[in-house]
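Colleague: Please take a close look at a single part of this model and follow it outward into its surroundings. I would value one connected account, with the reasoning given wherever a conclusion depends on it.

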Amino acid sequence: KMRPNWTWISAIGFGLAAAVAVVAGLVWFGSGGPRVLVEDNAGLLTAEQNDSVSQYHRFLLIGHDIDYRVVSQNDVSDINRFAVKVFERLDEGMQSKTGRGLLLVIAPDEKLVRLEVSRSLEPVYTDAFVKYIEERQMVPFFVSGRIADGILATTELIVTRAQEAKANVEFDASRYA
């Protein structure tokens, strides 16, 4: 008697749910959703990469009520101060119904990244997760000069973390190493 592989079945279910959420998001956003999800002031992403990141944004908003934004900026003297100012500005146009905001700031000239997390998301994106993103996730991409790929990979990791949190799975950096 064969037993079903629930991990495999769960993965298919997550994939189908993601596809439905993206399609629903495309319909919903066509009627007046957020206009700028990625502010690529440093010119890191191609139009195709920007669209890819934007689809993840839509999935997070529709599936998890997380308003996730990305900002890249050259010549940032203090990334922490810059991130706080941008986060405050974005907070005024928050698309999340419950104030669940997330901001990824990339300063390519300084080879720095900052992840700002709203209070309501701190249980999902813990200090350990933020530290992992800021100190380990993006470093290889900065070193190899593949910053756009790093933004995409980090965005995928953020989506994965949202799905894990929804399934009550704690963050464990060793799973991502």
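Modeller: In this predicted model, I begin at Asp 65, which follows helix H2 and has a positive phi, near 55°. The helix that ends there covers residues 47-64, 18 residues in total. At 1.5 Å a residue H2 should span 26 Å, and its end C-alpha atoms lie 25 Å apart, so the expected and modelled spans agree.

The buried positions of H2 are Gln 49, Val 53, Ser 54, His 57, Arg 58, Phe 59, Leu 60, Leu 61 and His 64. As background, an α-helix has 3.6 residues a turn, so residues three or four places apart point the same way. H2 lies across strands S1 and S2, and it runs at about 155° to S2.

Ser 54 shows one point at which this helix meets other parts of the chain. This H2 residue has a relative accessibility of 7% and therefore counts as buried, the cut-off being under 20%. Beyond its neighbours within four places in sequence, Ser 54 touches Leu 37 and Val 38. Ser 54 and Val 38 are 16 residues apart along the chain, with 7.1 Å between their C-alpha atoms.

Val 38 belongs to strand S1 and has a relative accessibility of 10%, so Val 38 too counts as buried. Sequence neighbours within four places aside, the contacts of Val 38 are Leu 45, Asn 50, Val 53, Ser 54, His 57 and Val 70. Val 38 also lies 8.3 Å from Ser 72, C-alpha to C-alpha, at a sequence separation of 34 residues.

From S1 the account passes to the sheet. It is open, with four strands in the order S1-S2-S3-S4 and mixed pairing. S1 (38-40) and S4 (112-117) are the edge strands; each has a single partner strand, so one side of each has no neighbour in the sheet. From one strand to the next the twist averages 10°.

Within the sheet, S2 (residues 67-72) and S3 (residues 101-107) are joined in the parallel sense over six bridges. In that pairing Val 70 is opposite Leu 104 of S3. S3 is largely enclosed by the rest of the structure, because seven of its seven residues are buried. In a regular strand the side chains alternate between the two faces of the sheet. In S3, Gly 101, Leu 103, Val 105 and Ala 107 are buried on one side, while Leu 102, Leu 104 and Ile 106 are buried on the other.

Helix H6 (residues 147-166) provides another packing element: it lies across S2, S3 and S4 and runs at about 160° to S3. Glu 164, a residue of H6, has a relative accessibility of 14% and therefore counts as buried. When sequence neighbours within four places are set aside, Glu 164 is in contact with Val 169, Arg 175 and Tyr 176.

Sheet and helices come together in the nonpolar interior. The largest nonpolar core has 35 residues, of which Leu 102, Leu 115 and Tyr 125 touch the most other members. H2, S2, S3, S4, helix H4 (127-137) and H6 each contribute at least two residues to this core, and H6 gives the largest share, nine residues. Apart from this core there is another, of 10 residues, including Val 71, Ile 79, Val 86 and Leu 90. In soluble globular proteins, nonpolar side chains tend to be buried together.

Leu 102 illustrates the main core at the level of one residue. Outside its neighbours within four places, the contacts of Leu 102 include Ile 66, Tyr 68, Phe 87, Leu 115, Val 117, Leu 121, Tyr 125 and Ile 158. Asp 67, Arg 69 and Glu 116 are also among the contacts of Leu 102.

These parts belong to a chain with six helices and four strands, which follow one another in the pattern α-β-α-β-α-β-β-α-α-α. Of its 177 residues, 44% are buried. Among contacts with a separation of 6 or more, 65% join residues 24 or more positions apart. The chain exposes about 10,000 Å², and 53% of that area comes from carbon and sulfur atoms.

Key:
Residues are numbered from 1 along each chain as its sequence is written. This is a predicted model: local features need pLDDT of at least 70, side-chain atom pairs count only at pLDDT 80 or more; totals for chains, interfaces and linings use all residues. Side-chain values use heavy atoms; hydrogens and water are left out. Buried means under 20% relative accessible area, exposed over 50%, partly exposed in between (1.4 Å probe, protein chains only). Contact means heavy atoms within 4.5 Å. Accessible areas come from the Shrake-Rupley method with a 1.4 Å probe; for residues, only the protein chains shown count as cover. The expected span of a helix is 1.5 Å times one less than its number of residues. Two strands pair if DSSP finds at least two bridges between them. Axes are lines fitted to C-alpha atoms, for helices over the stretch in contact, and angles run from 0 to 180 degrees between N-to-C directions. A nonpolar core is a set of buried Ala, Val, Leu, Ile, Met, Phe, Trp, Tyr and Cys residues joined through side-chain atoms within 4.5 Å.
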